[in-house]
Amino acid sequence: MTVERSFADKIVTIERHFFEQQSKFPEATGVLSNLLYDVAVSAKIIASHTTRAGLAEILGTEGKENMHGDEVQKLDTFAERTIYRMNDHTGRLAAMASEEEEGIIPIPDNYPTGKYVLIYDPLDGSSNIDFNVSVGTIFAIHRRKSKEGPGTLEDCLQKGSDLVAAGYIIYGSSTMMVYSTGQGVHGFTLDPRVGEFLLSHPNIRIPAKPKYYSVNQGYQHRWSEGMQRYTNWLQGDNDQGISLSLRYIGSLVADFHRNLLAGGIFYYPAEGKGSKKASGKLRLLYEAAPLAFLAEQAGGYASDGHNPILDIEPTGLHQRVPLFIGNRDLVKKAEEFLRDEQ
Ligand code: P6P
């Protein structure tokens with residue numbers, strides 16, 4: 001049974017991968033590997049609920065309480081609580097920051113603090129969950145800058161190029177965890193029968209030949225002239241033989257994941273001055289920077305339309321940025337169209 005044997009030769013759990021990556025750094029203490037493991041366990045717990053969200057919603061409409069009198073938790077709140085509870089007591093973190101919370105999340109006084117901060121969007125795209133569309137968790141890990149004691153806002157406001165690790169989990173037709181510690185991008189598929197993330201996509205590289213462009217063209221009338229021309233260029237108005245198909249799910253992790261594997265670009269441009277999306281919609285810390293880290297590790301690039309996402313010094317936890325991410329040449333071309341209109 002050749003196929004069976006070759007599959008058996010290649011079984012690498014995500015935990016084994018964490019520690020194999022760690023072994024390349026003799027000075028590593030294992031704290032980062034264990035932190036990544038905690039994220040992976042959080043993902044498995046969240047995944048076990050995303051596959052029955054519709055049922056939870058039905059239960060939720062019967063008076064908002066289950067048979068034990070507990071309030072039915074919305075899935076994004078459940079995801080938020082799961083990540084927090086998996087990480088608040090481990091002594092690996094100085095603080096956390098969640099896209100769902102206004103300020104930084106301190107480690108409770110009765111637990112030790114550690115040398116990292118965990119920044120996460122617990123369930124991005126959760127408005128899609130009721131329609132059975134893929135959603136995702138995005139995470140970013142920085143080394144704390146403060147010396148000791150409770151983590152600070154400054155520990156979280158660090159630029160993407162200083163990330164220690166980043167990744168996402170996509171809860172879709174299967175559950176995958178994709179991460180990088182700066183040693184390439186690696187994808188793991190959850191085998192629900194055994195509850196293990198198994199290496200399925202080693203060393204992911206964005207294909208040089210793009211297939212898709214992903215943008216919400218429903219907003220096209222609000223874009224700048226340069227963005228309109230850029231989109232026409234992607235559709236085929238060029239002399240380079242580029243003519244991409246539009247794929248837009250409206251769930252960032254799903255759109256990013258498809259372009260990472262198939263080749264393409266996702267963009268959420270700024271809208272006109274005075275618009276509430278004059279700086280785009282997506283958040284730098286929770287969405288753009290971690291995905292930019294992955295994109296660059298996979299040979300791609302991410303920009304706010306003028307500068308690398310990874311170079312942006314954050315000024316606030318919920319700072320929004322325009323985002324162009326994916327195939328390097330396509331992102332650079334977007335910058336060119338925006339430069340030309342200035
Ligand atoms: P729009 C989901 O709400 C989200 O935050 C991202 O996951 C997604 O890429 C974007 O917003 C979709 O926004 O304006 O196209 O619905």
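User: What makes strand 1 (residues 93-98) count as largely enclosed by the rest of the structure?

Analyst: 6 of the 6 residues of strand 1 are buried, so the rest of the structure largely encloses the strand. Buried means under 20% relative accessible area, exposed means over 50%, and partly exposed lies in between (1.4 Å probe, protein chains only). The model is predicted: local features need pLDDT of at least 70, side-chain atom pairs count only at pLDDT 80 or more, and totals for chains, interfaces and linings use all residues. Residues are numbered from 1 along each chain as its sequence is written, and side-chain values use heavy atoms, with hydrogens and water left out.

User: How do you know that strand 1 and strand 3 (residues 116-124) pair?

Analyst: Two strands pair if DSSP finds at least two bridges between them. Strands 1 and 3 share 5 bridges, in the parallel sense, so the requirement is met. Within this pairing, valine 117 of strand 3 is the bridge partner of alanine 95. Strands themselves are DSSP runs (E, at least two residues), as helices are (H or I, at least four), and both are numbered from the N terminus.

User: Why does strand 2 (residues 105-106) count as a partner of strand 1?

Analyst: Strands 1 and 2 are joined by 2 bridges and run antiparallel; the requirement for pairing is therefore met. Methionine 96 has isoleucine 105 of strand 2 as its bridge partner, and alanine 95 stands opposite proline 106. A hairpin of 6 residues connects strand 1 to strand 2.

User: Why are strand 2 and strand 8 called edge strands?

Analyst: The open sheet of 8 strands has the order 2-1-3-4-5-6-7-8, with mixed pairing. Strand 2 and strand 8 each pair on one side only, and this makes them the edge strands. As general background, strands of a sheet pair through backbone hydrogen bonds, either parallel or antiparallel.

User: Which strands are at the edges of the sheet of 5 strands?

Analyst: That open sheet has the order 10-9-11-13-12, again with mixed pairing. Its edge strands are strand 10 (245-246) and strand 12 (301-303), each pairing on one side only. Strand 10 runs parallel to strand 9 and is joined to it by 2 bridges, with tyrosine 212 opposite serine 245. Strand 12 runs antiparallel to strand 13, with 3 bridges between them.

User: How do you know that both faces of strand 13 (residues 323-326) are covered?

Analyst: Leu323 and Ile325 lie on one side, Phe324 and Gly326 on the other, and all are buried. Strand 13 also pairs with strand 11 (residues 264-268), antiparallel and over 4 bridges. Phenylalanine 324 is the bridge partner of tyrosine 267 and also of serine 303.

User: Why is serine 245 described as neither buried nor exposed?

Analyst: Its relative accessibility is 35%, so serine 245 counts as partly exposed.

User: What makes asparagine 132 exposed?

Analyst: Asparagine 132 has a relative accessible area of 72%, so it counts as exposed. It is placed in the loop between strand 3 and strand 4 (135-143), and its phi is near 65°, a positive value in a residue other than glycine. Asparagine 203 also has a positive phi, of about 50°; its relative accessibility of 52% makes it exposed.

User: How do you know that the length of helix 3 (residues 31-50) agrees with expectation?

Analyst: The expected span is 1.5 Å times one less than the number of residues. For the 20 residues of helix 3 this gives 28 Å, and the end C-alpha atoms are 29 Å apart, so the two agree. Helix 3 is mostly covered, with 14 of its 20 residues buried.

User: What makes the approach of aspartate 124 to the ligand a polar contact?

Analyst: A polar contact is a pair of N or O atoms within 3.5 Å; within protein, one must be able to donate a hydrogen and the other to accept it, and residues adjacent in sequence count only if both atoms are side-chain atoms. A polar side-chain atom of aspartate 124 lies 2.4 Å from a ligand oxygen, so the distance limit is satisfied. The side chain of tyrosine 248 places an N or O atom 2.5 Å from a ligand oxygen, and a backbone N or O atom of leucine 252 lies 2.8 Å from one. Taken alone the ligand exposes 400 Å², of which the protein buries 83% (Shrake-Rupley method, 1.4 Å probe; for residues, only the protein chains shown count as cover).
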